[in-house]
Amino acid sequence: MLARAAAAQLPAGVRQEWVDLRELDLPDFQDGRHENGSWPVGEAERKLRELTLAATDVVLVTPLYWYTVSAQMKRYLDYWSGWARDRELGFQRQMAGRTLWGVTVMAEREESIADGLLITLNNSAGYLRMRFGGVLLGNGSRPGQVRDDERAAVRAKTFFAQEAPLAQYPGTGE
């Protein structure tokens with residue numbers, strides 16, 4: 001709900017593709033760096049990879065689970081790792097300069113509780129030399145409860161209008 005409220009503020013004609021990771025038959029990522037052969041690309045992975053590469057902006061919408069992203073979102077980010085190592089695909093090169101945004105709802109009112117999620121998304125963007133627009137935070141623990149968070153509703157109106165700086169990846173000075 002919060003992500004859709006923010007997206008409703010985008011100019012008319014801005015293309016949006018919404019993907020519910022829970023509906024994809026995406027197996028756990030297998031890190032094959034130390035194995036021979038290649039990992040077979042399934043239909044769900046192929047679709048997700050194509051959509052990711054076609055996007056100018058990637059908005060990761062996830063509830064806050066144990067101070068970071070949900071299991072489905074973590075699985076998706078794990079696939080980024082595999083795609084980044086595929087020299088033919090050129091995932092890192094293609095994603096550089098694009099923008100990563102986050103939207104989350106959490107039960108806690110103390111926003112620093114979401115710092116783990118913020119770091120995860122910033123570092124993911126920084127590793128790929130993407131811009132990072134930050135995380136739109138909302139409060140709620142039951143479906144629909146975020147509607148009662150007036151502060152989040154106000155933030156949603158301008159969230160995508162802000163300038164997204166190049167993400168900083170730790171230890172690189174960039």
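**Aromatic pairs and overall fold of the chain**

Trp101 has a relative accessibility of 4% and therefore counts as buried, the cut-off for this class being under 20% relative accessible area. The structure described here is a predicted model, and Trp101 serves as the entry point to its aromatic contacts. The ring of Trp101 is paired with that of Phe159, and because the centres lie 5.2 Å apart with the planes at 65°, the arrangement is classed as edge-to-face. Since Trp101 belongs to strand 2 (residues 99–106), whereas Phe159 is found in the segment after helix 6 (150–158), this pair ties together parts of the chain that are 58 residues apart in sequence. Phe159, with a relative accessibility of 6%, likewise counts as buried.

A search of the whole structure returns 11 aromatic pairs. Another of these is formed by Tyr76 and Trp83, whose rings are 6.3 Å apart from centre to centre, with 70° between the planes, and this pair is also edge-to-face. Both Tyr76 and Trp83 are buried. These two residues are, moreover, members of one aromatic cluster, in which they are joined by Phe29, Tyr79, Trp80 and Phe91.

With regard to secondary structure, the chain contains six helices and three strands, and these elements follow one another from the N terminus in the order α-α-β-α-α-β-α-β-α. Strand 2, which carries Trp101, spans residues 99–106, and helix 6, after which Phe159 is located, spans residues 150–158.

The overall dimensions were examined next. For a chain of 174 residues, a compact globule would be expected to have a radius of gyration near 16 Å, and the value of 16 Å computed for the chain agrees with this expectation. Taken along the principal axes, the box filled by the C-alpha atoms is roughly 55 × 35 × 30 Å. Of the 174 residues, 39% count as buried, a group that includes Trp101 and Phe159. When contacts between residues at least 6 apart in sequence are considered, 75% of them join residues that are at least 24 apart.

The surface and the distribution of charge complete the description. The chain exposes about 10,900 Å², of which 49% is supplied by carbon and sulfur atoms. The chain carries 21 positive and 23 negative charges, and the mean positions of the two sets are 3 Å apart.

Notes. Residues numbered from 1 in each chain as written. Predicted model: local features only at pLDDT ≥ 70, side-chain atom pairs only at ≥ 80, totals over all residues. Heavy atoms only, no water. Helix = DSSP H or I, 4+ residues; strand = E, 2+ residues; numbered from the N terminus. Rg over C-alpha atoms; globule rule 2.2 N^0.38 Å. Buried < 20%, exposed > 50% of the residue type's maximum accessible area, 1.4 Å probe, protein only. Contact = heavy atoms within 4.5 Å. Areas by Shrake-Rupley, 256 points an atom, 1.4 Å probe, with all protein chains shown as cover. Lys, Arg positive; Asp, Glu negative; His and termini not counted. Charge placed at Lys NZ, Arg CZ, Asp CG, Glu CD. Phe/Tyr/Trp six-rings, centres within 6.5 Å; stacked < 30°, edge-to-face > 60°.
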